[in-house]
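Student: Could you take me through the charged pairs in this protein, one step at a time? I would like to see where the partners sit.

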Amino acid sequence: MTPQEEIARLRRQLEDWNYAYYVLDAPEVPDAEYDRTFRRLQVLEREHPELVTPDSPTQRVGAEPLSQFGEVRHEVPMLSLDNAFSAEELRDFDRRVRERLGAGDEAVEYACEPKLDGVAVSLLYESGRLVRGATRGDGTTGEDITHNVRTVASVPLRLRGKGYPELLEVRGEIYLPREGFERINTEARERGEKIFVNPRNAAAGSLRQLDASITARRPLQMCCYSVGLFRGGEMPDRHSEILDRLHRWGLRLNPESKVVRGVEACEDYYQSLAERRDGLPYDIDGIVYKVNDLGAQQRLGFVSRAPRWAIARKFPAQEEATRVVAVEFQVGRTGAITPVARLEPVFVGGVTVSNATLHNFDEIARLGLQVGDRVIVRRAGDVIPQVVSVIAADRPADARAVQAPEVCPVCGSPVEREEEGAVLRCLGGLICQAQQKAAIRHFVSRRAMDIDGLGEKLVEQLVDRELVATVADLYRLPRESWLSLERMGEKSVDNLLAALEASKDTTLPRFIFALGIREVGEATANNLASHFGSWEALAAADEEALLEVPDVGPVVADHLRQFLDTRDNLAVVAALREAGVHWPDVARPPREQLPLDGQTWVVTGKLENLDRNAAKARLEALGARVAGSVSAKTHTVVAGPGAGSKLGKAEELGVPVIDEAAFLDLLAQHGAQP
């Protein structure tokens, strides 16, 4: 046998043993035999370095430490999931899915998977070979951690079998089992080093090591849960079948994964795993439910940055008792003043918590909270610490009521209480440093104007030194002023000025979002841009015109008009345009060319082929305004089975009524896809 043949045989043998051990959880040989085979391969590769390949089992560690992480742009975004915190919220999710699919009472098939408490990663394979590993990052851009994921034994360097696409992106979770977490913390204590707070923290820290040899010493594991990008091949049309295929190609699946039918079976799965949660060898913080049929997933689509076909049902948050030592007030980007409880530090859900949100003054009243009270603190969704109840029996004699501030705690300006009574708002506007800083941070963020390099500390300096008062000042600040800031050398300033210049070429939706108008997120900004087409048309729109925009209700319309009616705000927009910020108008046909322009329609009852949202979208695309109630101004009512009072009102007023068949004919006639 030639050295080349023996090397190939040893690699195949080690790959088979790795697959049995890490993927199938079924070791085939003792560790000693594995080690002997591995050492024999190392000897042969040292003797014949020309035969070493990147996917050899010996090459999981060996690269030189990196100086920094590179960026990876996800061609298919890695979306976050909406959360459900109760059985009722899960049933609401299932109801929405069935309604949007037109499934009626028919049970939907869901793929259920434990939500591992680790780090989401993307693995890219070309011709079956691992070429890149990346973190999720913000869903659009992550960090290149290829050198580290190669050290994770359950990540195959080369896919097994055949039939995989030429290009395949596998997504999954890298996590640290509890036993491994305890081991590395024990070793850290013995060395007098800082210990990790929880397994997720340890996994994240391990994957962000510039020296891959450190990562290799951590017993990380990986389970895959989906596919992102793939080319040059076909994949099954069901999520569970895709996972089965990934498993055959050598990737590890969570053994607790299961396919069930109907929301009650989803709840049974949740309860079963919740009972066994503490006994699992790894941390999980909930269950992920995905509609199993990929065609149904495509029909359901996405909302903002989350899919409509998946949800994470979170386990009850961990709770602990502690004492409130003070209540302070933070001022947000829109001037809203939020009370924050300062706590005696307490360990909750894997982290030490010393602050907790109190949301607003209605919440303080509901809790009956006083400074000095002993309270129950919960990490809601394992993310945001909040006070959930007061232990009234433990109230000390010197407890004192929480007093709402009469002036802004940052700028001293007057505050007003909104009509609902729950929210206080600073009236300082642009003179309030808290609002200035938050508005600038939002304006420069990645999803807004995307000005790379202008971080929180720089914004703090700019405002504190009174170098900028509005976002428009960023484009007018001379180079010398940037150079005067701490840690800003020539190269850093050049890069930042280049980023500022590049940001001037933007889009109307991003610009609207960047302005930070209350209640106007990315989805609403997109709808506004699509509906009006230009900034001038939006600025001139009255409240009635704004209400015609999808997802814009009376509250959002009021916030928009307040913003657009404020001279200072329009002055900032004008200054930005004078500085060179520009965007193309959004192409849209003139309203007079839309066949239903000026007409108000109402959809009622259950449609068989379209859900109401889809029907509304088709009507709006043809120029109609879709209302929620029937009036004398209503042009036509589309009535499906089960139409009730709205149908009666239409008949009473003599408003034309058509059924779904006639509605679909109308859509086809005007070229709107039914």
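Tutor: Happily, here is a walk through some of the salt bridges. Keep in mind that this is a predicted model. Side chains of opposite charge can pair when their charged atoms come close. The structure holds 35 salt bridges, so we will visit a few of them.

Let's start with arginine 158 and glutamate 15, whose side chains meet in a salt bridge at 2.9 Å, N to O. This pair links distant parts of the chain, 143 residues apart: arginine 158 lies in the loop between helix H4 (146-149) and strand S7 (167-175), and glutamate 15 is in helix H1 (residues 3-23). Arginine 158 is partly exposed because its relative accessible area is 30%. Glutamate 15, at 22% relative accessibility, also counts as partly exposed.

Next, look at lysine 290, which forms a salt bridge with glutamate 113; their closest N and O atoms are 3.5 Å apart. Here, too, distant parts of the chain are linked: lysine 290 belongs to strand S10 (residues 284-291) and glutamate 113 to strand S3 (residues 109-116), 177 residues apart. Both partners, lysine 290 and glutamate 113, are buried.

Now find lysine 504 and glutamate 501, whose side chains meet at 3.1 Å, N to O. Lysine 504 counts as buried because its relative accessibility is 13%, whereas glutamate 501 is partly exposed, with a relative accessible area of 48%.

Finally, salt bridges can also join into a group: Glu109, Arg238, Arg261 and Asp293 are linked in a network of them.

Definitions and conventions
Residues numbered from 1 in each chain as written. Predicted model: local features only at pLDDT ≥ 70, side-chain atom pairs only at ≥ 80, totals over all residues. Heavy atoms only, no water. Salt bridge = Lys/Arg side-chain N within 4 Å of Asp/Glu carboxyl O. Helix = DSSP H or I, 4+ residues; strand = E, 2+ residues; numbered from the N terminus. Buried < 20%, exposed > 50% of the residue type's maximum accessible area, 1.4 Å probe, protein only.
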